[in-house]
Amino acid sequence: MKTTFLNLACWVLFSFLFLPSAAVAQTDTAKVEEDSVTVQKDQPKEKKKSKFGSLLGKAVEVSTGLNVTNEPFIVNPLSGDFAVEFVSCQGNPSDGRVSLTFKVKSYINETGATFGGSTSGNGESLAFAADGKNYKPYSSAGESVGVAKGTWVEVTLDAKNSFYNVPTELKMFEVIKLSFSFNAKTRGLLEFRNIPINWGAAIQ
């Protein structure tokens, strides 16, 4: 009888000391889990990147000539007479020559144009790195290209109009100034900005 009473007393004491703590611990655990779910629900979803900012930056670049993004763009002083689109820039690692490929569409009645070199009155064609160092083409004569009004023509500057002694460590031209001439009035310098160099392409 005394043994039974003693066991009962021990059980009551155990329940009084430990069971409330276990209940509190379970309650706290449930609270933490609930708070975690609430935090996850409250976290904002990552917004998808909009192309609007990039398009706006490119519009500012084209209109002002200032670098806003790192994307290629063209400053064309006579955009009302012809359109130009950048295609690629090929570098030959064996001799350090780099050539430019672009498309041109004339809005005027001309059958030919000259790109590259140093056309009289336009200034010299040069390619510039970000550190200010410049690279010249082999020839100052430029390259003659046949054009037709309203038709896109792809132009790849040949070896004599490519830029030479370019180190293969250079991955991008900050600006390429390219002389052009359609006629005595339609002439000047195109500026190709932020132009990546694709090393490994052969230049014809």
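**Questions about a predicted model**

Colleague: Let's start with Ala148: which residues does Ala148 touch, leaving out those up to four places away in sequence?

Modeller: This is a predicted model, so keep that in mind as we go. Leaving aside residues up to four places away in sequence, Ala148 has two names on its list. They are Ser106 and Glu110.

Colleague: Where is Ala148 found, and is Ala148 buried, exposed or partly exposed?

Modeller: Ala148 is in the loop between β7 (143-146) and β8. Its relative accessible area is 36%. Buried means under 20% and exposed means over 50%, so with 36% Ala148 counts as partly exposed.

Colleague: What separates the C-alpha atoms of Ala148 and Thr111?

Modeller: Along the chain, Ala148 and Thr111 are 37 residues apart. In space, though, their C-alpha atoms are separated by 5.5 Å.

Colleague: β8 comes up again in the open sheet, right? Which strands are the edge strands there?

Modeller: The sheet has four strands in the order β8-β3-β2-β11, with mixed pairing. An edge strand here pairs on one side only. That gives β8 and β11 (198-199).

Colleague: Which residue stands opposite Gln90 in β11?

Modeller: β2 and β11 run parallel, and two bridges join them. Gln90 has its opposite number in β11, and that's Asn198.

Colleague: Now the largest nonpolar core: which residues have the most contacts inside it?

Modeller: This core has 32 residues. Strands supplying at least two residues each include β2 (82-92), β9 (172-181) and β10 (187-196). The residues with the most contacts inside the core are Phe115, Phe173 and Phe192.

How values were computed
Residues are numbered from 1 along each chain as its sequence is written. This is a predicted model: local features need pLDDT of at least 70, side-chain atom pairs count only at pLDDT 80 or more; totals for chains, interfaces and linings use all residues. Side-chain values use heavy atoms; hydrogens and water are left out. A nonpolar core is a set of buried Ala, Val, Leu, Ile, Met, Phe, Trp, Tyr and Cys residues joined through side-chain atoms within 4.5 Å. Buried means under 20% relative accessible area, exposed over 50%, partly exposed in between (1.4 Å probe, protein chains only). Two strands pair if DSSP finds at least two bridges between them. Contact means heavy atoms within 4.5 Å.
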